[in-house]
Amino acid sequence: MNKDIPEFLTEKLKIQYGRDITERIMNGYEYNRKTTLRVNSIKSTIDEVCDALKTSNIEYSKVNWYENALIIENNVEIPISDMDIYKEGKIYLQSLSSMIPAIILNPQENENILDMAAAPGGKTTQMYNISNGKAHITACEKNKIRAERLKYNIEKQCATRVGILMQDARNLDDFFSFDKILLDAPCSGSGTLYTGNNKVMKGFSKELINRSVKVQKELIDKALKLIKTGSEMIYSTCSILEEENEGYLKELVRKGIIEILPINLSKFDGVPTLPVQLEGTLCICPNDLYEGFFVAKLKKIK
């Protein structure tokens, strides 16, 4: 096992997944993932973006489960962020794993949707794209600096029907009511670790996991107060640890508060998965293209 990865995490993964799968996860931590991007369909098209990449001699490949996602295949002299398509908000640099929650939520025209932890805005603007700019989205962010970044990206992506609340979503008034909620919760980031980044590895701790679990439970509880009975929400993290993912959801299922709506994995062909303890949920294994990520689709029963 890799000596750069905290020993406690290695042991935790072995207990949850077994030795062989843990080895696979450890191998995934060694990759500096390729750049991936999402086309902003409000301002551009996949054809326009592909043409711009070709003109700049940038090699790319398409993603079979999402027509607006592209993988950059070669190192280029001109960074993507220096290109006009980036500066004009026609594309958004976003990891492949983080594109999946909004696709599963499937925002529709005139739905009132809450993004509970929205900054920097990738999933917020993606939901806006999926609804063809016709969903009403409220984006929450408690941190002032991150809220400014969220505002910048929303404006750059031309998501004009998105409202921003600079507030901790846990403190939202219970009189709010939403048709759908996306809760991409703050987490330990156990799915995104990279052994080539010492700062990230040193910042990972048992305390970080414990703090994350506490916040996640509070956010889920608040979401269930804000969403209409019978409606759907997405809970996701960039963690692969059971206590941050299935742990609390299993308790809510047992109490009859929620039910799990099974994710159709056939729609995400090629996405590397890990075993889950709650049938119907999705956990992605880190590799050269994907961050480790967890997604669950929930329906509020009571």
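At 34% relative accessibility, Cys158 falls in the partly exposed class, and in this predicted model the residue sits in the loop that runs between α7 (144–156) and β7 (162–165). Its backbone deserves attention, since Cys158 has a positive phi of about 60° although it is not a glycine. Most residues other than glycine have a negative phi, and most peptide bonds are trans.

Other places in the chain depart from those two tendencies, and they can be read alongside Cys158. Asn106, in the loop between α5 (96–105) and β5, has a phi near 55°, which is again a positive value in a residue other than glycine. Asn106 is partly exposed, with a relative accessible area of 37%. Beyond β5 (112–115), in the loop that leads from this strand to α6 (122–130), lies Pro120, and the peptide bond from Ala119 to Pro120 is cis, with omega near 5°.

The helix that follows this loop, α6, is mostly covered, with eight of its nine residues buried. The buried residues of α6 are Gly122, Lys123, Thr124, Thr125, Gln126, Met127, Tyr128 and Asn129, a list that includes Lys123, a charged residue by class. Just after α6, Asn132 takes a positive phi of about 60°.

From the backbone we turn to the interior. In soluble globular proteins, nonpolar side chains tend to be buried together. Here the largest nonpolar core has 45 residues, and among these Leu13, Tyr29, Ile181 and Leu249 touch the most other members. The elements that give two or more residues to this core are the helices α1 (7–17), α2 (19–28), α9 (206–226) and α10 (246–254), together with the strands β8 (178–184), β9 (227–237), β10 (258–260) and β12 (293–300). The largest share, eight residues, comes from α9.

Ile181 shows how one of these core residues is surrounded by parts of the chain that are remote in sequence: leaving aside its neighbours within four places, Ile181 is in contact with Leu105, Leu114, Met116, Ala223, Leu226, Ile227, Glu232, Met233 and Ile234. A second, separate core of 33 residues also exists, and Ile100, Ala135, Ile137 and Val162 are among its members.

Two of the helix pairs that contribute to the largest core can be described through their packing geometry. In the pair formed by α9 and α10, the helices pack at an angle of about 40°, with their axes 10 Å apart. Angles under 35 degrees would count as roughly parallel, and α9 and α10 are therefore oblique to each other. The sense of this crossing, as α9 passes α10, is right-handed. At the contact itself, Lys217, Ile220, Asp221 and Leu224 of α9 meet Tyr248, Leu249 and Leu252 of α10, and when these residues are sorted by class the contact holds five nonpolar, no polar and two charged residues.

In the pair formed by α1 and α2, the axes come within 7 Å and cross at roughly 130°. Only angles over 145 degrees would count as roughly antiparallel, and α1 and α2 are therefore oblique to each other. Here too the crossing is right-handed, as α1 passes α2. The residues that α1 brings to the contact are Thr10, Leu13, Lys14 and Tyr17, which meet Arg19, Ile21, Thr22, Ile25 and Met26 of α2. By class, the contact of α1 with α2 divides into five nonpolar, two polar and two charged residues.

Finally, two residues illustrate opposite surroundings. Glu7 lies in helix α1 and is exposed, with a relative accessible area of 64%. The C-alpha atom of Glu7 is separated by 40 Å from that of Ile154, a residue 147 places away along the chain. Ser239, by contrast, belongs to the loop between β9 and α10, and although it lies in a loop it is buried, with a relative accessible area of 0%. Not counting residues up to four places away in sequence, Ser239 touches Cys187, Ser188, Ser190, Gly191, Glu244, Asn245, Gly292, Phe293 and Phe294.

Technical notes. Residues numbered from 1 in each chain as written. Predicted model: local features only at pLDDT ≥ 70, side-chain atom pairs only at ≥ 80, totals over all residues. Heavy atoms only, no water. Core = buried A, V, L, I, M, F, W, Y, C linked by side-chain atoms within 4.5 Å. Buried < 20%, exposed > 50% of the residue type's maximum accessible area, 1.4 Å probe, protein only. Helix = DSSP H or I, 4+ residues; strand = E, 2+ residues; numbered from the N terminus. Contact = heavy atoms within 4.5 Å. Axes fitted to C-alpha atoms, helices over the stretch in contact; angles between N-to-C directions. Parallel < 35°, antiparallel > 145°, perpendicular 65-115°, else oblique. Left-handed = near helix turned anticlockwise from the far one by under 90°.
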